[in-house]
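Visitor: I would like to go through this protein one region at a time. Please take my questions in turn and give the reasoning before the result.

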Amino acid sequence: MSEPEVSGIPEALVAAARAVDVPHDLRTLFERLAVPLALEVEAPAEGAPTLALQLLRLASHGSSLRLAGARTGAASPKVRLVHGSKDLVLGTAELTEGIPALARRIAQTLLDIGEVAGAIERFARESPRQDALRQLTRAMLETGSIDRLRTILLFGLTSGLALGFSRAALFVYDEDGRALVGESAIGPADAAEAARAEGLAALGLEQRMAAVAASEPRFENFVRTIAVDVTTDTRDEIGQALAASGPLLFSRDRPVNPALAALEPPRDFLVAAIRLRDKPIGIVVADDPYGRAPIDPDCREFVGFLLDTAALASENLRLVESVETLARHDALTGLFNRREFESRMADEQSRAQRLGSQCALLLFDVDHLQQVNESRGHKAGDELLQSVGVLLRSTLRSHDIVARLAGDAFAVLVTDTNHEQVLAIARRVGALALGMGVSLSAGGSLWPRDNHEQSVLFSEAEAALIEAKRGGRGRAVIDGADAPMVFAAPGDDDSLA
């Protein structure tokens, strides 16, 4: 919080006020009172009561508490709050009683019955929202799934906290960051669904999520068909929300933005941008087309905090995902690394044994990589390795597992296969590599075979690879084959037919 310019106040009190923190409860008290009070402070230059300094700092920053004057005085501090013709004077004893006692004294001394009722109503409305916000924040920060995070956000907007929303839709930027596309949505698709959903409002977050997950997501499916374009019209709601610093409430017979119009919202609806480091990453639209509850104008603070939390949690998830990706993948080629490959190979071997199927391990070495590094430089060698990684990934099936083990060594685990298919895969990879001007040596073994232990698969494939390299390179040795397979470039024979 930036410090305001202060004039006419003793510097000793200014410095002391800047050194204290204003508790959330004290700030909330004056925000929810929504009744203008004037503040006068008289306190010693040193040792002023903490509450007096907190009130002084709060008033200096502007709120319903307005600073009327402050001065240093005798040893006994005094704070005076003024509302119209009424005033409340707090001495040393009262300044040590705490915030609840301060709220009670303000209500009893300064406010009339209508003002007290209004404050109580605002507190009663905000209390469950604060509880819900704590629960939603905890759920969002603890989840390990971006999809679940988005679901929690939308449930928070439609959580029956007198916000006035029964539907909420999320639009996020595509991979190019150019277009907003429908991603997730919560809410009824028609009046009949809205009537059935009324009973869900009393359920807890997890129960509501389970109930909605079991129903047909008609509204969400519709939202996912929508792409959002921002028009040049200055009244465009999406454009305004992207430019605004917080959620916006609109009251219009029909939205200007065509994508919003396709949602057929009621006259009143909310549009808000989700921002991360001041950059918009998505848009939320919320409304209640089938109900009669008005949208609470004060809900924007709640919605804004919820969106900020969702953006923070989203960034945390993406950071964790990036770290996990780096831990599992080879940095140069993007393929799995050896550790991840061995873990997945053990899982696949267990699955093959359980289902009575076969898997195969193919090991590939790039021939003469050292010569490339020495003659053309390590950058050329790295580019060669990257091209081999692309070749393997594009040639194998999506459920086969490809990894770079180290240096010039690559591994492929072929799932649900047989001996003939493994020979065909090795032949195709070797031939395509030759077509790129790259010579590969390969060794392979199938599992299970002859009741071999799982650990034997790697050693058998390595032994076959060594035999292929000793035999002249540019070839494959596969356990069970009658002879080594010498690779031929495409067009030299019918190896790719």
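Guide: A place to begin is helix 17, residues 456-470, in this predicted model. Helix 17 lies across strand 11, strand 12, strand 14 and strand 15. Its angle to strand 14 is about 150 degrees.

Visitor: In what order do the strands of that open sheet, with its mixed pairing, run?

Guide: The sheet is open and has six strands with mixed pairing. Strand 12 (401-406) and strand 16 (485-486) each have a single partner strand, so they stand at the edges with one side lacking a neighbour in the sheet. The order is 12-13-11-14-15-16.

Visitor: Which residue in strand 15 stands opposite Ala442?

Guide: Strand 14 (residues 440-447) and strand 15 (residues 475-478) run parallel and are joined by three bridges. Opposite Ala442, in strand 15, stands Ala476.

Visitor: At about what angle does helix 15 run to strand 13?

Guide: Helix 15 covers residues 378-395 and lies across strand 11 (359-366), strand 12, strand 13 (409-414) and strand 14. Its direction relative to strand 13 is given by an angle of about 5 degrees.

Visitor: Which strands stand at the edges of the open sheet with antiparallel pairing?

Guide: This sheet has six strands in the order 7-6-5-10-9-8. An edge strand here has a single partner strand, so one of its sides is left without a neighbour in the sheet. That describes strand 7 (227-228) and strand 8 (248-251).

Visitor: What is the bridge partner of Leu180 in strand 7?

Guide: Strand 6 (residues 180-186) pairs with strand 7 in the antiparallel sense, over two bridges. In strand 7, the partner of Leu180 is Val228.

Visitor: Which helix packs on this sheet and touches strand 5, strand 6, strand 9 and strand 10?

Guide: The strands touched are strand 5 (167-173), strand 6, strand 9 (268-276) and strand 10 (279-287). The helix makes about 65 degrees with the direction of strand 6. It spans residues 146-157 and is helix 6.

Visitor: With which side chain does the side chain of Arg252 make a polar contact?

Guide: Arg252 sits in the loop between strand 8 and helix 11 (258-262). Leaving out residues up to four places away in sequence, Arg252 touches Arg235, Glu237, Gln240, Pro266 and Arg267. The polar contact, at 2.6 Å, is with the side chain of Glu237.

Visitor: Which element gives the most residues to the largest nonpolar core?

Guide: That core has 34 residues, and those with the most contacts inside it include Leu26, Leu55 and Leu102. Among the elements that give two or more residues are helix 1 (11-18), helix 2 (24-33), helix 3 (50-60) and helix 4 (99-109). The largest contribution is seven residues, from helix 3.

Visitor: Beyond four places in sequence, which residues does Leu55 contact?

Guide: Leu55 is one of the residues with the most contacts inside the core. Its partners beyond four places in sequence are Leu26, Phe30, Leu39, Leu65, Val79 and Leu102.

Visitor: Which residue just after helix 2 takes a positive phi?

Guide: Within helix 2, the buried residues include Leu26, Leu29, Phe30 and Leu33. Just after that helix, a positive phi of about 55 degrees belongs to Ala34.

Visitor: Where does pLDDT stay under 50?

Guide: The protein averages a pLDDT of 84, and 89% of the residues score at least 70. The stretch under 50 has eleven contacts beyond four places in sequence in the model. That stretch is residues 1-7.

How values were computed. Residues numbered from 1 in each chain as written. Predicted model: local features only at pLDDT ≥ 70, side-chain atom pairs only at ≥ 80, totals over all residues. Heavy atoms only, no water. pLDDT = per-residue confidence, 0-100. Contact = heavy atoms within 4.5 Å. Core = buried A, V, L, I, M, F, W, Y, C linked by side-chain atoms within 4.5 Å. Buried < 20%, exposed > 50% of the residue type's maximum accessible area, 1.4 Å probe, protein only. Helix = DSSP H or I, 4+ residues; strand = E, 2+ residues; numbered from the N terminus. Pairing = 2+ DSSP bridges. Axes fitted to C-alpha atoms, helices over the stretch in contact; angles between N-to-C directions. Polar contact = N/O pair within 3.5 Å; in protein donor to acceptor, adjacent residues only side chain to side chain.
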